[in-house]
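Subject: Structure handover

Hello,

Here is the structure I promised you. Please open it beside this email and follow along.

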Amino acid sequence: MADTRAGLHRRIALETPEHVKLEYQLADLGSRAAALALDLAIIVAAILLVALVFRYTGGLGQAVLYIVGFFAVWGYFLFFEAVWDGRTPGKRAVGLRVLHDGGEPLSFQGAVLRNLIRIVDLQPALTGMAGAASILFNRRAQRLGDLVAGTIVVRDTGGGELFGDEPRTAGRAGRPRLSAEQFALLAGYVARREELEPDVRSRVAASVRDAVRPAAGRGSLDPEAAPDTHLVRLHEEEAPRHAARQGGPSLQAATMARERREAWGAYTDLVEKGRAAGLDRFSEAEVRAFGRLYRGVTADLARARTYGASPGLLEAVERWAGAGHNLLYRAKGRAAVPLGRWIGRELPRAVRRHRWPVLLAALLLFGPMLASYAAVRESPARARAIMPAGMLARAENTARGDINASYIAVDGAERPAFSSAIVTNNVQVSFVAFAAGLLAGAGTVLILIFNGVLLGAAFGLYANNGVLGVILAFVFPHGVMELTAICLAGGAGLGLGSALLVPGRRTRREALRERGRAFLSLVGGAVLLLIVAGLVEGFYSPSGLPATAKFAFGGATALLLTAYFGLAGRGSDDARRGKVRAVPAP
């Protein structure tokens, strides 16, 4: 892979597994900002439309609005880039596409990573200055999310016509038959022939014909034609071919375009069908045809460069070769782990594999929580400096001596909105905790400490008012899952930050990409736990069930999570280690 420059626009050259070079023009800051502005306009319009539709529908409408707002912020770019070949509506309108920096189509994992880090790119205060600075000073015009995901944004103006761009030129196809020296002799004669006397012209023509006869071939000579007539005809045939060799108008490229018209038409039809439905919808015959035609087009691209094709034809062939490459390798890269297997095996194995960052995150969360609890217990006035007024009032007004007292009253009609608000807020916090790890882990550390201090102060406040059991009865059913999720997301953020602090033998760019993908599974686990915890917190925790039932529910949850993360997926680990041990020693 090589970076080049063309005028003011940066370009990048990528080599496919077929050893064909594809060149892309990198998207500049202005075009990316224009695409982002269009996408943001669509997001705002969608949120306003949903708000108008569900304005008078009560709690259910508020729940929908919370969910739509969350997905508009976090899911819009991810969804479109994942299912629309690296394009959002804004990118498509401006003519941009996201690819991996090796030329492969954007994967789902890459789309997730680059869009989780977007929150950091938009800082400070959503100005986008961090991402803009990275695009300007990075030679591949990558923002921070691109660095973690290993992606680039390129100009993509569509396929264009593969035929009709090259002007039709008269003459026979094929490579030049005469060497450069022989053609120079022939061209010199044709240029001076009008100045020669007839008898001199005949003698010179005969001499030149004898000199070029071996290369021209006897079959092409008319024994009854005069040497002069034959040489003029031969010059008309050879001149375009030698002009192409020297960088002039290409007869060979024009002839190639005419000869390959039918094959290129079949190829573009298959590419368009694959874009719409995917290669998995092809019949067996169509798959074979696509592979054969794709190899032909990549060969045509190399020939077009050799023949000196016109810029229009060369660009069209290169685009369609790239389109086929993206389609082919998108299909090969779809080996995603099924959801059931990921939950049953891959997630608990990832937690065990990355247990040290997770344990460090737990220490950064629970350590400040215990310190904050002790500080508030020692000096109750500290709670007023930390906790919001609503929490202070709730603690002071809670009935003492009744552990079954209500911590927070939520009507049945309000519970969908309450649960949705909790889920979206907590998932957003986990995303930010992971993305903030890009700041050398400092952002993740601050988020963990901040949440730990708030939790400890809240518990200390309720303990000072003699109603600690009430808040614990409310928190315990969902708190085990919620705090576990925060530790998983925090561990993922710390793992991402370690790429900048201790990259090992890799460059920091390589370490960011590798660890971003490695720790992404922990973020997924945190999201899964927070969704379940949000539902429990919205419907079960505020219910009128006795505190003993809520504590029993939370205790059972703790035991199940311990068994799940400690034991699930170990059979496959043991089997794999057994296979390794079974290999005989040399």
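In which loop is Ala440 found? Ala440 sits in the loop between α20 and α21. Keep in mind throughout that this is a predicted model. Phi of Ala440 is near 55 degrees, a positive value in a residue other than glycine. Most residues other than glycine have a negative phi. Ala440 counts as partly exposed, because its relative accessibility is 33% and the partly exposed class lies between 20% and 50%.

**The whole protein**

Now step back. The protein has 586 residues, and 46% of them count as buried. Its secondary structure comes to 25 helices and 5 strands. Take the contacts with a separation of 6 or more: residues 24 or more positions apart account for 75% of them.

**Two nonpolar cores**

The largest nonpolar core has 48 residues. Those with the most contacts inside it are Leu116, Ile117, Phe431, Phe434, Leu488 and Leu522. Helix α23, residues 508–540, gives the largest share of this core, with 12 residues. A second, separate core holds 37 residues, including Leu26, Ile152, Trp264 and Ala309.

Look at Ile117 in the largest core. Beyond its neighbours within four places in sequence, Ile117 is in contact with Arg143, Leu144, Gly145, Val148, Phe434, Ala435, Leu438 and Leu496.

Next comes helix α5, residues 108–116. Here 7 of the 9 residues are buried, so α5 is largely enclosed by the rest of the structure. The buried ones are Gly110, Ala111, Val112, Leu113, Arg114, Asn115 and Leu116.

**Two helix pairs**

Start with α20 (residues 415–435) and α22 (residues 468–501). Their axes come within 7 Å and cross at roughly 25 degrees. That angle is under 35 degrees, so α20 runs roughly parallel to α22. From α20, the residues Ile422, Asn426, Ser430, Ala433 and Phe434 take part. They meet Glu482, Ala489, Ala492, Gly493 and Leu496 in α22. By type, the residues of this contact are 6 nonpolar, 3 polar and 1 charged.

Now find α17 (residues 355–378) and α21 (residues 442–464). They pack at an angle of about 35 degrees, and their axes are 7 Å apart. The crossing of α17 and α21 is right-handed. The residues of this contact divide into 16 nonpolar, 6 polar and 1 charged.

**Strand β5 and helix α1**

Val154 belongs to strand β5, residues 151–155. Is Val154 buried or exposed? Val154 counts as buried, because its relative accessibility is 1% and the limit is under 20%. Val154 and Arg11 are 143 residues apart in sequence, yet their C-alpha atoms are 8.7 Å apart in space. Leaving out neighbours within four places in sequence, Val154 is in contact with Tyr24, Gln25, Leu26, Ala27, Gly95, Leu96, Arg97 and Leu99.

Ser31 is part of helix α1, residues 29–53. Ser31 also counts as buried, at 6% relative accessibility. Apart from residues up to four places away in sequence, Ser31 touches Val94, Leu96 and Arg155. Leu96 is thus on the list for Val154 and on the list for Ser31.

**Loops to check**

Where does Ala568 lie? Ala568 lies in the loop between α24 (547–567) and α25 (570–581). Ala568 is buried, with a relative accessible area of 17%. Its C-alpha atom is separated by 9.1 Å from that of Ile343, and the two residues are 225 residues apart along the chain. Not counting residues up to four places away in sequence, Ala568 touches Gly344, Pro348, Arg352 and Ala563.

Asp85 is in the loop between α3 (76–83) and α4 (89–94). Phi of Asp85 is near 55 degrees, again a positive value in a residue other than glycine. Asp85 is buried, with a relative accessible area of 18%.

Finally, go to Pro124, in the loop between α6 (118–121) and α7 (129–137). Most peptide bonds are trans. The bond from Gln123 to Pro124 is cis, with omega near 0 degrees.

Best wishes

Notes: Residues are numbered from 1 along each chain as its sequence is written. This is a predicted model: local features need pLDDT of at least 70, side-chain atom pairs count only at pLDDT 80 or more; totals for chains, interfaces and linings use all residues. Side-chain values use heavy atoms; hydrogens and water are left out. Axes are lines fitted to C-alpha atoms, for helices over the stretch in contact, and angles run from 0 to 180 degrees between N-to-C directions. Helices (H or I, at least four residues) and strands (E, at least two) are DSSP runs, numbered from the N terminus. A crossing is left-handed if the near helix is turned anticlockwise from the far one by less than a right angle, and right-handed if clockwise. Ala, Val, Leu, Ile, Met, Phe, Trp, Tyr, Cys and Pro count as nonpolar, Asp, Glu, Lys and Arg as charged, and the others, Gly among them, as polar. Buried means under 20% relative accessible area, exposed over 50%, partly exposed in between (1.4 Å probe, protein chains only). Contact means heavy atoms within 4.5 Å. A nonpolar core is a set of buried Ala, Val, Leu, Ile, Met, Phe, Trp, Tyr and Cys residues joined through side-chain atoms within 4.5 Å. Angles under 35 degrees count as roughly parallel, over 145 as roughly antiparallel, 65 to 115 as roughly perpendicular and the rest as oblique.
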